[in-house]
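This report was prepared in reply to a request for a description of the fold, the packing and selected residues of one protein model.

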Amino acid sequence: MAVSGERDSDGTGSAGGGPPDGFGGELFRIAVVPAWVALAAVAVAAALGVGADLPPVVRYLPFLASFVAFGLPHGAADHLAVARLGGSRPLAAVGAVYLLGGAVTLAVWLTSPALGFASFLLLTVYHWGQGDLYVLLAVGGDHLRTRGQRLLALAVRGGIPMVVPLVAFPGVYRSVAEATIRLFDSDLVTATTLDAAFRPEVRFALGGGLAALSLVAVGVGVVRGSGWTDRGWRIDALETALLWAYFLVVPPVLAVGLYFCLWHSVRHVARLLVVENDGGESLAGGRIAPAVAGFARDALPNTVGALVVLAGLASVAPPDANPASLLGLYLVLLAVLTLPHTAVVTWMDLREGVWSAE
């Protein structure tokens, strides 16, 4: 059952919940296809060796751009999304979730940075997976008929950006992990733990397990859907293959940075736009600029607030001039924000019927 249906007067969906009819086509046109083109082009260039001699710092530019280009702002309008979906006292509720979730996350990083890094990776698997699951249902996910299938799709889609770079580029992956953990553990007393996590047998077990799950998800989808001609299944299979290829060949810092901005964040922003009636009408009419401008205005105050938090983190855990260390500080900020943001998106999923399945 795809996430679709007209909205009730209270802002929630009808029986199936989710975006109004016709949104899937607009989402496909403005967010899905452009991301396919961008990531495929980068993957082909990387496979051909184009840009292999770029200065390493250039690979960090997408994360720098994400301060203002969808990445950091994509969660900055959570309180408005809750309000538009009929949540009570949205500003106070979301504010409390962010304060509590952010405080708990920071406490974990301060007391056990290795655990903080590992829990951030696991939470990102869930959050990025839930983002892709929503999109799959919106653009035609009739092949995802059961909650089990949807959970499997979530695990596969969230796992690819986190696990595949670990298999293909373990050295870079470890350098970022170490630089991030060193912000709170200068002596890196967790080096033994990292040694175990990056052992070849562990990495390839994770990669092999994810590959098996990917094949199972695609296989079950074609059986439970309408066969090879099912449009939703074809989109799912194509995206799964594209993401595997992309993260196997593109250097991981560049790959994750571009994915964060152009894939995950853009899709979430499009979801937020349709929550608001005016945004939905703008999307349906092909008038994207007014909707995006409105989102940017809504997201600006909390985006600025997040940058203030980043400055505070820098005073607690000052980075050095190494780009990996600077990226590590940004990752800690994202970790602090991701737990409460994921809680809000999970509430949205429940409200919009993402888990309403057989």
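The sections below treat the overall architecture, the nonpolar cores, one helix pair and four individual residues.

## Overall architecture

The model is predicted. The protein contains 14 helices and zero strands, so that its elements, read from the N terminus, run α-α-α-α-α-α-α-α-α-α-α-α-α-α.

Of the 358 residues in the protein, 53% are buried. The exposed surface of the protein amounts to about 15000 Å², of which 70% is supplied by carbon and sulfur atoms. When contacts between residues at least 6 apart in sequence are considered, 77% of them join residues at least 24 apart.

## Nonpolar cores

In soluble globular proteins, nonpolar side chains tend to be buried together. Here the largest nonpolar core comprises 80 residues, and those with the most contacts inside it are L27, I160, Y246, F247, Y259 and W263. Helix α5, spanning residues 113-140, gives the most to this core, with 13 residues. A second core, separate from the largest one, has 15 residues, including A81, V94, L272 and L273.

What surrounds Y259, apart from its neighbours within four places in sequence? Its contacts are L39, W128, D132, R157, P161, L243, Y246, F247 and H264. Two of these partners, Y246 and F247, are themselves listed among the core residues with the most contacts.

## Packing of α5 against α10

Two packed helices are described by the angle between their axes and the distance between the axes. For α5 and helix α10 (residues 231-249), the axes come within 8 Å and cross at roughly 145°. The crossing of α5 past α10 is right-handed.

On the α5 side, the contact is made by D132, L136, V139 and G140. On the α10 side, R231, G232, W233, I235, D236, E239 and L243 take part. By class, this contact has five nonpolar, two polar and four charged residues. D132 and L243, which belong to this contact, also appear among the contacts of Y259.

## Buried residues in helices

E26 is located in helix α1, residues 23-47. Is E26 buried or exposed? With a relative accessibility of 16%, it counts as buried because this value falls under the 20% cut-off. Between E26 and V139 the C-alpha to C-alpha distance is 8.9 Å, although the two are 113 residues apart in sequence. V139 is also one of the α5 residues in the contact with α10.

T105 is part of helix α4, residues 90-111. Its relative accessibility is 11%, and T105 therefore counts as buried. Beyond its neighbours within four places in sequence, T105 is in contact with A335, V336 and L339.

H79 belongs to helix α3, residues 78-84. The relative accessible area of H79 is 16%, so this residue is buried. Leaving aside neighbours within four places in sequence, H79 is in contact with P90, L91, V94 and N302. Of these partners, V94 is included in the second core.

## Backbone geometry at F70

Most residues other than glycine have a negative phi, and most peptide bonds are trans. F70 is not a glycine, yet it has a positive phi of about 75°.

F70 is placed in the loop between α2 (61-65) and α3. At 29% relative accessibility, F70 counts as partly exposed, because this class lies between the 20% and 50% limits.

Notes. Residues numbered from 1 in each chain as written. Heavy atoms only, no water. Core = buried A, V, L, I, M, F, W, Y, C linked by side-chain atoms within 4.5 Å. Buried < 20%, exposed > 50% of the residue type's maximum accessible area, 1.4 Å probe, protein only. Helix = DSSP H or I, 4+ residues; strand = E, 2+ residues; numbered from the N terminus. Contact = heavy atoms within 4.5 Å. Axes fitted to C-alpha atoms, helices over the stretch in contact; angles between N-to-C directions. Left-handed = near helix turned anticlockwise from the far one by under 90°. Nonpolar A, V, L, I, M, F, W, Y, C, P; charged D, E, K, R; others polar. Areas by Shrake-Rupley, 256 points an atom, 1.4 Å probe, with all protein chains shown as cover.
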